[in-house]
Every structure is written in structure tokens, then in C-alpha cells.
Amino acid sequence: MRSPLLIAAIICLLGPAAGLDAQAPAPGPSPAPPDPIKVLVGRLDLEKYKATVKGLTQFGDRRQGTDRNRAAVDWIEAQLKSYSCPTDRIKYEYQPPPQTAGRGGAPGAGGGRGRGPDEAQGGGRLRGIRARIGVNTDPNAQPDVRLRELNMQPMTPGPREAVYCTKVGTTHPDEMYIVSAHMDGHGWGEAANDDGSGTALVMELARVFSGSDVQTERTIRFVLWNNEETGSQAARAYIAQRGPMQGKEDPPGSRKYPEPKWLGMIQHDMMMFDHGMPRADGTVASEQRPEADVNIEFQTNSKMAAESQKLAWIFEQANEKYATDYPASVGSHMTNTDSGPFQDLIPAISLRENERGTQIGAGWDPQWHQPTDVYVTYSDADFRLGLNAAQTTLGAIATLTVATVNVRN
Ligand SMILES: [Zn+2]
């Protein structure tokens with residue numbers, strides 16, 4: 001390995017006249033074929049990611065149980081179909097509990113029950129300066145009249161739907177990873193970050209993996225949950241309805257598996273905003289902090305903690321290998337998102353802009369559930385953190401499902 005460098009150094013010293021053309025081709029084995037996963041990660045693009053977030057924001061806050069939410073489900077399904085990713089829906093009923101205010105019942109373990117003053121939801125410890133958090137329920141807090149009107153229809157109890165699409169594996173069609181985000185929001189904004197950013201990430205991965213020249217040995221299901229903000233009712237319905245179907249070939253002998261065995265669940269919820277701890281006056285810096293990272297969390301107080309932690313480190317390694325800008329870090333207090341209902345059943349992790357309990361829960365994201373969670377709030381540095389999470393998950397899932405690409409010229 002040393003001599004070509006020496007030759008190059010000598011050529012440099014001799015100047016351009018010596019030219020690299022004078023070099024004979026180096027003997028030895030032919031160069032390694034390009035890493036197919038790198039090829040796939042290269043098909044992610046900041047502008048496409050932004051355009052998908054933007055597309056989701058045309059439906060306002062996409063609150064569950066409204067026409068704007070149903071229109072968003074239809075739009076997402078149309079996009080997935082246009083990527084050649086075959087779609088289906090999970091159907092369930094949602095009846096809000098009596099006197100619900102904001103979030104009805106916190107999903108996931110470790111939250112809520114007898115927490116001390118410094119204990120975060122999910123079990124972490126709150127440190128440093130905290131800012132006020134909550135869900136905006138006041139229409140007049142939205143200064144944009146058009147958006148206020150768009151978000152005006154209240155939710156009504158009743159039937160609900162959530163859409164998903166599936167990339168079927170070649171040699172292990174009966175085994176599957178679930179890659180997901182929630183498409184509903186609230187707060188009288190556009191739910192651009194919570195969770196348009198995760199929804200767009202999952203849609204972008206569906207697009208890339210559905211490329212006609214892409215194969216995976218195992219199956220991947222891309223799920224856009226509904227009703228996360230009311231307690232993950234779509235995720236719970238999915239587990240109840242489809243859990244018992246896992247791994248069953250139907251019809252027998254067909255090599256078709258309507259519900260492959262679940263190998264892991266990876267949730268994406270709030271991907272873009274990592275501006276650091278609030279300042280003493282409660283405000284947060286206007287720029288993405290240079291130290292911004294992707295937070296990969298598992299829940300240490302879950303039955304699958306060991307397996308989930310192993311999965312988290314696979315994602316951390318994929319980030320090191322494939323993400324272009326921002327690093328990832330692993331934490332042990334996953335909470336308050338759709339991976340919660342899965343955490344005692346299968347390996348389950350979440351990817352986020354910050355730790356959910358100790359950081360988002362301490363007011364690090366001032367747009368969270370607020371009228372300011374709109375597309376124009378975010379800079380390219382913010383969108384890029386979401387793109388880096390997409391690169392991380394794409395790299396990890398392509399590795400775990402053994403993705404290959406037939407590169408054609
Ligand atoms: Zn969310």
C-alpha cells in the first residue's frame with residue numbers, strides 16, 4: 001500500500017509535467033464493486049426530502065379524526081403507489097376517553113407513574129435549564145388565517161385508517177422489519193417536524209427501496225401510523241390485528257406471507273430540530289447547533305431491552321458509515337411514540353432529533369405541538385438532520401435485509 005503513495009508524492013514533487021498519465025496501471029486484483037448500500041444512500045436527496053415534508057404540510061396539522069387527516073392518508077398512499085410500493089391499510093375505531101385534554105394517556109413504559117421532580121418521561125434524568133412545554137389548543141394562537149381555517153374542523157370519534165406499503169424480501173419473504181413514523185399531528189400548525197419530518201423520511205425510504213433495480217433478502221414494511229398523538233392507537237390496532245398472523249404462509253404453498261415475522265421496529269418522530277438547551281430566559285437558539293446529532297433510543301425497562309440495544313448500536317454503526325453530516329448517539333429511555341407498544345414484543349428503537357424524555361421533555365424544541373411547527377420555520381441545516389437520520393436508517397435496514405442493486409448504465 002505504501003509504494004503508490006510514494007509514486008504519487010514523487011509525481012507531485014516533479015510537477016504537472018511528469019503527469020499521472022505516465023503511470024502504468026497498478027497490477028493486482030480488480031477494484032472491489034461499489035458498496036450497494038452506499039449507492040442506495042446516494043439516492044436520498046435533501047431537496048426531495050424537503051419536498052415531501054412540504055407536501056405533507058398542505059394538510060395542516062393532520063389531526064386524527066378530521067377530513068384533513070383523511071386527505072393526508074390518501075395523499076401519502078398515492079405517493080407510495082407512485083414509488084411502486086404496494087399499499088394496504090390498517091382499520092380500527094377510535095373513541096376518545098372522557099374529558100380528554102391534549103394527549104390521552106401516555107404511550108410507552110416508564111412515563112407518568114409517580115415521577116420525581118428530576119425524572120423525565122421514559123426514565124431519564126432532567127438536567128439544566130428547562131422551558132415550558134404543552135399542546136396548543138387555541139386557534140387564535142395561529143396568526144396565519146389560511147392555516148387557522150385549514151385546521152378548524154374538530155375531530156369526531158369513529159373509524160380510523162393508517163396506510164403502509166411493503167417491499168417483499170427475495171429469500172426471506174417471511175421475515176420483516178417495520179420502519180415507521182406517525183402522520184397525525186396537532187397544535188394548530190402544519191405538524192412539519194412532528195411528525196412530517198419522520199413521515200417524509202419513511203416515504204423517502206419506501207421510494208428508494210422500491211426502485212426497480214433494488215432487491216432485499218428480507219421484507220421491509222413502511223408504516224405511517226395514525227393516532228400517535230392520542231396514545232398510539234393505530235400501532236396498538238396493528239399489533240392486535242396482525243400480530244397473530246406473523247410468519248403464516250397464505251395461501252399455503254404460495255410463498256406469500258401477509259404478515260411476515262417481525263424482526264424489529266424502528267420509529268421516527270421529530271427529526272429536524274437540535275438547537276440545544278433553552279437559555280436562562282427560556283428561548284432557544286435560532287440556528288441548528290454544530291454538535292447536533294441523531295438520537296437513537298431503546299427502553300431499558302422493557303422485556304426486549306437487550307435485543308433493542310443491540311439494534312440501536314447497529315444503527316449507530318450505520319450512521320458512522322453512511323450519514324454525511326451529523327453523528328448519532330444511543331440512549332436508553334425511548335418513550336412516548338409508536339415503538340412503545342412494540343417494546344416488550346420485539347426489538348424496538350426510535351430515532352429523533354433529541355432524547356425524548358430529557359431534552360424534548362425539557363423544552364429543547366419550542367415548536368413542539370405549537371402553531372410555529374410550520375415548514376417555513378426550518379432551515380436547510382434543520383432539514384439536513386432529518387436527511388441524516390434517513391441515511392442512518394437506510395444504511396442499517398439495507399444491511400439487515402441484505403440489499404443489492406443491479407446498477408445499469
Ligand atoms: Zn410525534
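The exercises below work through a predicted model of a protein chain with a zinc ion.

**Exercise 1. Confidence**

Find out which stretches of the chain have a pLDDT under 50, and how the chain scores on average.

Solution. Begin with the whole chain, which averages a pLDDT of 91, with 89% of the residues scoring at least 70. Next, look at residues 1–22, where pLDDT stays under 50 and the model has five contacts beyond four places in sequence. Then turn to residues 103–112, where the pLDDT is also below 50, although this stretch has 31 contacts beyond near neighbours in sequence. Where pLDDT is low, the predicted coordinates should not be read in detail.

**Exercise 2. The overall fold**

Describe the protein chain by its helices and strands, its buried share and its contacts.

Solution. The protein chain holds nine helices and 10 strands. Of its 409 residues, 54% count as buried. Finally, take the contacts between residues at least 6 apart in sequence: 81% of these join residues at least 24 apart.

**Exercise 3. The zinc site**

Identify the protein donors of the zinc ion and decide whether the site is tetrahedral or irregular.

Solution. First list the donors: His182 gives NE2, Asp194 gives an OD atom, and Asp269 appears twice with OD atoms, at distances of 2.0 to 2.7 Å from the ion. Second, apply the test for the geometry: four donors count as tetrahedral if all angles lie between 85 and 135 degrees, whereas the angles here run from 52 to 149 degrees, so the site is irregular. Third, read the spacing of the donor residues along the sequence, which is H-x11-D-x74-D. Fourth, place two of them in the fold: His182 lies in strand β3 (residues 172–182) and Asp269 in the loop between β6 (261–268) and β7 (294–297), so this pair ties together parts that are 87 residues apart in sequence. Both His182 and Asp269 are buried.

**Exercise 4. Helix α7**

Explain why helix α7 (residues 233–242) is described as largely enclosed by the rest of the structure.

Solution. Count first: seven of the 10 residues of α7 are buried, and therefore the helix is largely enclosed. These buried residues are Gln233, Ala234, Ala235, Ala237, Tyr238, Ile239 and Arg242. Then look at their surroundings, where they pack against the strands β1 (87–94), β2 (158–167), β3, β5 (218–225) and β6. One of the buried residues, Ile239, also belongs to a nonpolar core of 19 residues, which is separate from the largest one.

**Exercise 5. The largest nonpolar core**

Work out which residues touch the most other members of the largest nonpolar core, and which helix gives the most to it.

Solution. Among the 67 residues of this core, Phe209, Phe222 and Phe315 touch the most other members. Helix α9 (residues 380–400) contributes the most, with 10 residues. For a closer view, take Phe209, whose contacts beyond four places in sequence include Leu40, Val214, Phe222, Leu394 and Ile397.

**Exercise 6. Rings around Tyr378**

Determine how the ring of Tyr378 is oriented towards those of Phe273 and Phe383.

Solution. With Phe273, the centres are 6.3 Å apart and the planes stand at 80 degrees, an edge-to-face pair. Phe273 is in the loop between β6 and β7, and Tyr378 in the loop between β9 (348–352) and α9, 105 residues apart. With Phe383, the distance is 6.4 Å and the angle 75 degrees, so this pair is edge-to-face. As for burial, Tyr378 has a relative accessible area of 7%, Phe383 has 1%, and Phe273 is buried.

Note on methods
Residues are numbered from 1 along each chain as its sequence is written. This is a predicted model: local features need pLDDT of at least 70, side-chain atom pairs count only at pLDDT 80 or more; totals for chains, interfaces and linings use all residues. Side-chain values use heavy atoms; hydrogens and water are left out. Donors are N, O and S atoms within 2.8 Å of the metal (3.2 Å for Na, K and Ca); water is not among the atoms, so sites may look incomplete. Four donors count as tetrahedral if all angles lie between 85 and 135 degrees; four count as square planar and six as octahedral if opposite donors are over 155 degrees apart and all others between 65 and 115; anything else is irregular. Helices (H or I, at least four residues) and strands (E, at least two) are DSSP runs, numbered from the N terminus. Buried means under 20% relative accessible area, exposed over 50%, partly exposed in between (1.4 Å probe, protein chains only). pLDDT is the predictor's confidence in each residue, from 0 to 100. Contact means heavy atoms within 4.5 Å. A nonpolar core is a set of buried Ala, Val, Leu, Ile, Met, Phe, Trp, Tyr and Cys residues joined through side-chain atoms within 4.5 Å. Rings of Phe, Tyr and Trp (its six-membered ring) pair if their centres lie within 6.5 Å; planes under 30 degrees apart count as stacked, over 60 as edge-to-face and the rest as tilted.
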